Amino acid sequence: MFLQRFFGEQTPDPRPCANCRGDQRLDFDIRMAFQPVVDARDRSIYGYEALVRTAEGGGAGEVLARVEPEQLYRFDQTCRVKAIVTAAELGLRQRLFINFFPNAVYEPATCIRLTLLAAQMSGFPTEHLVFEAAESEEIRDQAHVARIFRDYRSRGFQTAIDDFGAGYAGLPSLTAFQPDLIKLDMGLVRGIDADSVRQAIVAGVARIASGIGSTLLAEGVETAAEYRTLREIGIDLFQGYLFGRPALERLDTVPDATWAGLAG
């Protein structure tokens with residue numbers, strides 16, 4: 001597996017902490033695609049989100065369909081390391097967004113060791129890591145996950161709530177976790193230019209985010225009209241097909257023509 005190829009003789013003990021479960025080895029390989037996150041204030045690349053793919057380049061759904069409950073811990077660890085190692089090989093200099101499964105982390109200090117080692121050995125700055133709670137996973141113990149968020153921030157990582165406004169990501173998660181970034185679900189973003197209800201909701205979330213010291217990021221942005229409406233609300237960070245699709249093992253930039261079209 002790539003972990004052994006990367007770490008060689010320095011591979012740490014792969015066993016999880018005593019309270020962890022789901023450490024069955026994966027019987028398949030994965031790759032990573034990267035989608036840009038942009039900052040509209042200066043038209044820069046704010047970072048890239050690492051998105052898991054099959055060895056053949058198939059989508060995340062195909063990968064997740066192969067993950068058994070007893071493999072969750074190993075899958076979570078494998079995705080982290082694969083994202084960091086690949087990003088370092090590609091020369092990524094901005095933030096790296098990594099999805100993680102909160103329910104797979106039982107002891108933050110122990111479960112983070114492999115992540116830190118991957119960053120150290122690949123030369124990737126840990127202060128550029130952004131860990132976002134994986135979408136659609138129900139949090140069984142909010143107090144424990146809040147402790148994970150605190151531990152990650154104490155190590156210089158940023159934290160994010162993914163798909164806010166959908167599934168299990170809602171106001172209680174903001175109260176419990178107080179993330180650095182709040183990623184708006186595409187269900188709130190899609191067609192917002194023609195929907196006054198969505199506009200009112202997103203404007204309210206923007207005020208809440210500002211009040212708790214979090215930054216709002218709109219994901220799933222596909223049209224110039226959506227972008228302009230969100231900018232009027234006060235959102236600066238964006239992710240979506242309008243700016244770039246996930247690219248397999250490649251860091252794509254946003255064409256100047258895209259920004260020129262949004263300026264009109």
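Trainee: Over the ring of which residue does the charged end of Arg95 sit?

Mentor: In this predicted model, the charged end of Arg95 sits over the ring of Tyr46, 3.9 Å from its centre. A charge over a ring must be within 6 Å of the ring centre, so the value of 3.9 Å for Arg95 and Tyr46 satisfies that distance limit.

Trainee: Over which ring does the charged end of Arg245 sit?

Mentor: The ring is that of Tyr241, and the charged end of Arg245 lies 3.9 Å from its centre.

Trainee: How many aromatic pairs does the count come to?

Mentor: The count comes to 14 aromatic pairs. One of them joins Phe131 and Tyr152, with 5.0 Å centre to centre and 50° between the planes.

Trainee: Why is the pair of Phe131 and Tyr152 called tilted?

Mentor: Ring centres must lie within 6.5 Å to pair, and tilted planes are neither under 30 degrees nor over 60 degrees apart. The values of 5.0 Å and 50° meet both conditions, therefore Phe131 and Tyr152 form a tilted pair. This pair links distant parts of the chain: Phe131 belongs to strand β4 and Tyr152 to helix α6, 21 residues apart.

Trainee: Why does Phe131 count as buried?

Mentor: Buried means under 20% relative accessible area. Phe131 has 0% relative accessibility, so it counts as buried. Tyr152 also counts as buried, because its relative accessibility is 0%.

Trainee: Which residues form one aromatic cluster?

Mentor: The cluster consists of Phe100, Phe131, Phe149, Tyr152, Phe157 and Phe177.

Terms used
Residues are numbered from 1 along each chain as its sequence is written. This is a predicted model: local features need pLDDT of at least 70, side-chain atom pairs count only at pLDDT 80 or more; totals for chains, interfaces and linings use all residues. Side-chain values use heavy atoms; hydrogens and water are left out. Rings of Phe, Tyr and Trp (its six-membered ring) pair if their centres lie within 6.5 Å; planes under 30 degrees apart count as stacked, over 60 as edge-to-face and the rest as tilted. Helices (H or I, at least four residues) and strands (E, at least two) are DSSP runs, numbered from the N terminus. Buried means under 20% relative accessible area, exposed over 50%, partly exposed in between (1.4 Å probe, protein chains only). A charge sits over a ring if NZ of Lys or CZ of Arg is within 6 Å of the ring centre and within 35 degrees of the ring normal.
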